[in-house]
Amino acid sequence: MPTPESAEITTAVLTKEELLRDYRLGCESRQASLAGRKEVFMGKAKFGIFGDGKELPQLAMARAFRPGDWRSGYYRDQTFMFAIGELTLQQYFAQLYAHPDADAEPSTAGRAMNGHFGTRLLDEDGHFKNQAETKNSSADISPTGGQMPRLVGLAYASKLYRQNAELQQYSQFSVNGNEVAFGTIGNASTSEGMFFEALNAAGVLQIPMLVSVWDDHYGISVPAEYQTTKQSISEILKGLQREGEGQQGFEIFVVKGWDYPALVETYQRAAELCRTQHVPVLIHVTEVTQPQGHSTSGSHERYKSKDRLSWEEEHDCLRKMREWLLVEGYASEEELSQIETDAKETVRLARTAAWTDFFNPIKQERDEAVALLNKLVAETGTENTMHELVEQLQQNSTPIRADMVRTVRRALRQVRGLRSAARRELLNWLEQAQAENAERYNSYLFSQSEEAVLNIEEVKVEFAPNAPLVDGREVLQACFEANFRRDPRIFAIGEDVGRIGDVNQAFAGLQEKFGELRVTDTGIRECTIVGQGIGAALRGLRPITEIQYLDYLLYAIQILSDDVACLQYRTKGGQKAPLIIRTRGHRLEGIWHSGSPIQMILGAIRGMHLCVPRNMTQAAGFYNTLLRSDEPAIVIECLNGYRLKERIPQNVGEFTLPLGQPEILQEGHDVTVVTYGSMCRIVLDAAKQLADIGISVEVIDVQTLLPFDVDHIIADSLRKTSRVLFADEDVPGGATAYMLQQVLDEQQAYRFLDAQPRCLAAQAHRPPYGSDGDYFSKPNAEDVFDAVYELMQEADAKRFPAIY
């Protein structure tokens with residue numbers, strides 16, 4: 001804790017104007033919280049969660065926040081965002097109303113509920129702006145504690161920019177690593193495992209990460225005695241405290257959330273230490289209040305005692321600051337009263353402007369729809385059936401866009417088949433509305449820049465005539481080395497990646513060539529390995545983060561799904577993190593080293609790409625493509641392919657493999673078999689056996705599951721063969737069902753089928769250990785043979801009699 005003397009020294013350098021500015025901002029933020037709650041209860045917003053009670057510590061934190069710094073925060077940080085100039089009151093209310101315009105609501109364009117803040121890191125073309133000149137905030141997510149893994153990466157980037165001389169040229173991202181990554185979290189959320197994992201990682205890495213814990217004693221209704229041992233996060237983390245300057249560990253500060261001078265002093269000291277020495281810091285801000293409770297979903301009077309409520313009123317931070325300003329003579333009662341009155345009016349004007357800006361376009365669209373509907377009623381004479389629909393829409397005082405589209409679609413049902421000019425006008429209105437709403441609510445799942453994956457130019461692979469056969473891992477090794485030489489921003493981290501070059505040796509020798517900063521070992525901490533990559537990618541670097549086995553992606557799937565996969569979407573193209581997850585799966589041995597949980601991944605990571613190469617040359621082509629793109633992806637290498645022989649391409653670091661393009665491995669005319677990964681070799685084996693009895697199989701490797709067959713190559717194959725088998729190593733109903741849906745539904749290839757489509761998957765359980773366990777748990781060549789044979793038997797039982 002800072003001493004009273006040191007606090008007085010710090011606040012003495014602040015002018016009266018600066019002190020009153022902070023009080024004014026605090027009052028405006030408080031009034032915004034109060035007004036926001038009322039807007040929800042009036043039905044103008046669906047939900048509200050606010051930052052009241054946290055105003056002073058956030059004002060103090062903002063005073064230590066400089067251009068180039070980063071925030072990875074928590075949905076109560078509104079005062080901080082106001083204070084650093086990256087959020088206006090009108091934008092704050094625009095987010096509450098879910099305004100779907102990035103100009104009006106730059107954090108999320110109405111896609112996240114209120115309290116989710118972020119700055120727009122990209123220009124209109126999708127390129128990074130100059131981060132060294134701006135105050136930066138990564139885009140918030142709701143899962144509590146989920147901001148912590150990314151925070152590690154944001155701070156880690158400063159370490160790399162400071163210590164890697166090759167990165168000095170990228171001055172738009174860093175000034176010698178002088179940036180601090182500020183993280184914020186509620187006290188209850190420190191119970192999450194990723195909080196502890198992130199702190200441990202930061203202590204090991206010694207990075208400029210400053211974590212603030214807003215401690216208001218509760219997590220919704222659950223008090224600290226149920227949340228934290230000793231009811232104090234700083235007490236139980238004392239073992240992280242470094243023993244002296246130059247030693248590893250954290251600096252830990254404890255300060256009361258209503259003590260303005262102590263807060264200012266603490267944040268100044270902590271940020272300077274973090275910035276200059278790259279020492280991680282934890283600031284435990286205690287005795288914080290939450291005047292309106294957790295959110296608009298309930299009242300805190302239900303679970304707080306009268307004594308607690310009385311204490312919170314007495315220790316309200318704005319009340320305490322007001323008392324301090326008066327006692328120290330910084331302001332008079334009249335001055336403070338005027339600030340408070342002005343704050344209410346400022347918030348009222350901002351709220352009104354935000355509502356007008358949000359609602360007037362909707363009202364105009366409603367009026368246009370009503371006019372067209374009335375025209376249709378007049379022209380078709382269907383007053384009795386449509387009049388009520390139109391009248392209901394017209395009299396709705398607060399319509400939403402769904403009301404209009406719903407009404408128009410129901411009205412058009414009633415005039416289906418009629419030829420009418422009014423009907424055509426209404427159809428045109430609906431088509432335009434659907435397109436505009438798709439842009440408002442469905443756009444930017446993927447990058448729309450010139451660096452998007454599908455815009456990367458294909459470079460064909462080239463082989464020398466006498467290219468020797470080598471282990472597959474050597475192809476990857478050569479690919480990684482070439483890319484590391486090409487781009488100094490690329491680095492790789494993961495368990496066993498560094499000294500031994502990963503467990504399968506694809507990075508062997510690269511640490512010696514490029515140094516420990518470029519090829520780095522980590523602890524066993526999958527969640528923050530990924531988070532380390534997310535934060536670094538946000539800051540212009542090109543991380544390859546390794547999850548040693550696909551089965552252990554489960555540790556990181558939440559952060560992949562909730563953070564990087566939806567980043568472009570939830571910011572409507574305002575942020576990007578081109579992270580590559582490198583892992584390996586499919587065939588090997590046993591329950592936890594044979595994973596192929598593709599269904600889980602497909603469902604969780606929409607917004608990322610999923611590459612499933614059959615060999616290491618194909619994997620290298622994907623890495624070359626992705627490292628030139630600005631989109632995140634997972635690449636799953638085949639576990640049993642590292643020592644299979646392949647030829648190293650002449651252009652091993654330059655050839656690119658397009659995503660979404662299946663490859664026909666063998667042409668045929670009787671049955672199409674669609675597969676990927678390690679199953680390709682098994683299917684080709686079965687196809688050879690089937691050829692011996694006169695069955696011609698077309699074998700297609702989809703290569704990527706996201707995107708999937710963008711040119712409908714598989715549908716063209718079915719047009720020829722009229723029979724299809726989808727095969728993989730996932731559970732029944734997993735990726736085979738996904739592929740079937742894509743081909744039959746999206747590509748409408750059902751039209752070409754003469755037989756029921758078939759799926760061949762693994763057993764519903766994970767494979768047991770041993771070769772027999774593998775054979776009887778996952779599809780084998782005999783299974784593929786039998787499935788294809790049965791399809792042909794249905795067509796010609798005489799030629800293909802029953803086998804069993």
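This passage describes a helix contact, several salt bridges and some unusual backbone sites in a predicted model.

Helices α11 and α12 form one of the contacts between secondary-structure elements considered here. Helix α11 spans residues 317–327 and helix α12 spans residues 333–380, and their axes come within 10 Å while crossing at roughly 150°. An angle over 145 degrees counts as roughly antiparallel, and α11 and α12 are therefore roughly antiparallel to each other. The crossing of the two helices, α11 and α12, is right-handed. On the side of α11 the contact is made by Arg322, Leu325 and Leu326, whereas α12 contributes Glu333, Leu336, Ser337 and Glu340. Sorted by character, the residues of this contact between α11 and α12 comprise three that are nonpolar, one that is polar and three that are charged.

Helix α12 also contains Ala371, which counts as partly exposed at a relative accessibility of 46%. The C-alpha atom of Ala371 is separated by 9.7 Å from that of Leu426, a residue 55 positions away along the chain.

Side chains of opposite charge can pair when their charged atoms come close, and the structure holds 52 salt bridges. In one of these, Arg539 is paired with Glu179, and the closest N and O atoms lie 2.8 Å apart. The two partners belong to distant parts of the chain, 360 residues apart, with Arg539 in the loop between α18 (526–538) and β12 (542–546) and Glu179 in the loop between α6 (147–163) and β3 (181–186). Both ends of this pair are withdrawn from the surface by the criterion of a relative accessible area under 20%, since Arg539 is buried with a value of 0% and Glu179 is buried with a value of 3%.

A second salt bridge joins Glu451 to Lys576, with 3.5 Å between the closest N and O atoms. This pair likewise links distant parts of the chain, 125 residues apart, as Glu451 lies in the loop between α15 (421–441) and β9 (469–471) and Lys576 in the loop between α20 (567–570) and β13 (580–585). Here the burial of the partners can be set side by side: Glu451 is partly exposed, with a relative accessible area of 30%, while Lys576 counts as buried at 3% relative accessibility.

In a third case, the side chains of Glu481 and Lys513 meet in a salt bridge with an N to O distance of 3.0 Å. Glu481 is placed in helix α16 (residues 472–486) and Lys513 in helix α17 (residues 510–514), so the pair ties together parts that are 32 residues apart in sequence. Glu481 is buried, its relative accessible area being 18%. Elsewhere, salt bridges that share partners connect Asp502, Glu546, Arg582, Arg584 and Glu637 into one network.

The backbone also merits description at a few positions. Most residues other than glycine have a negative phi, and most peptide bonds are trans. The peptide bond from Leu706 to Pro707, by contrast, is cis, with omega near 0°; Pro707 is located in the loop between β20 (704–706) and α24 (713–721). A positive phi of about 65° is found at Ala98, although this residue is not a glycine, and Ala98 belongs to the loop between α5 (89–96) and β2 (136–137). Ala98 is partly exposed, with a relative accessible area of 33%. Ser722, also a residue other than glycine, has a positive phi near 65°, and its place is in the loop between α24 and β21 (724–727). In terms of accessibility Ser722 is buried, with a relative accessible area of 9%.

The loop between α5 and β2 also holds Tyr97, which is buried, with a relative accessible area of 4%. Leaving aside neighbours within four places in sequence, Tyr97 is in contact with Glu39, Lys44, Arg351, Ala354, Trp355 and Phe358. The C-alpha atoms of Tyr97 and Gly48 are separated by 9.9 Å, although these residues are 49 positions apart along the chain.

How values were computed:
Residues are numbered from 1 along each chain as its sequence is written. This is a predicted model: local features need pLDDT of at least 70, side-chain atom pairs count only at pLDDT 80 or more; totals for chains, interfaces and linings use all residues. Side-chain values use heavy atoms; hydrogens and water are left out. Axes are lines fitted to C-alpha atoms, for helices over the stretch in contact, and angles run from 0 to 180 degrees between N-to-C directions. Helices (H or I, at least four residues) and strands (E, at least two) are DSSP runs, numbered from the N terminus. Angles under 35 degrees count as roughly parallel, over 145 as roughly antiparallel, 65 to 115 as roughly perpendicular and the rest as oblique. A crossing is left-handed if the near helix is turned anticlockwise from the far one by less than a right angle, and right-handed if clockwise. Contact means heavy atoms within 4.5 Å. Ala, Val, Leu, Ile, Met, Phe, Trp, Tyr, Cys and Pro count as nonpolar, Asp, Glu, Lys and Arg as charged, and the others, Gly among them, as polar. A salt bridge is a side-chain nitrogen of Lys or Arg within 4 Å of a carboxyl oxygen of Asp or Glu. Buried means under 20% relative accessible area, exposed over 50%, partly exposed in between (1.4 Å probe, protein chains only).
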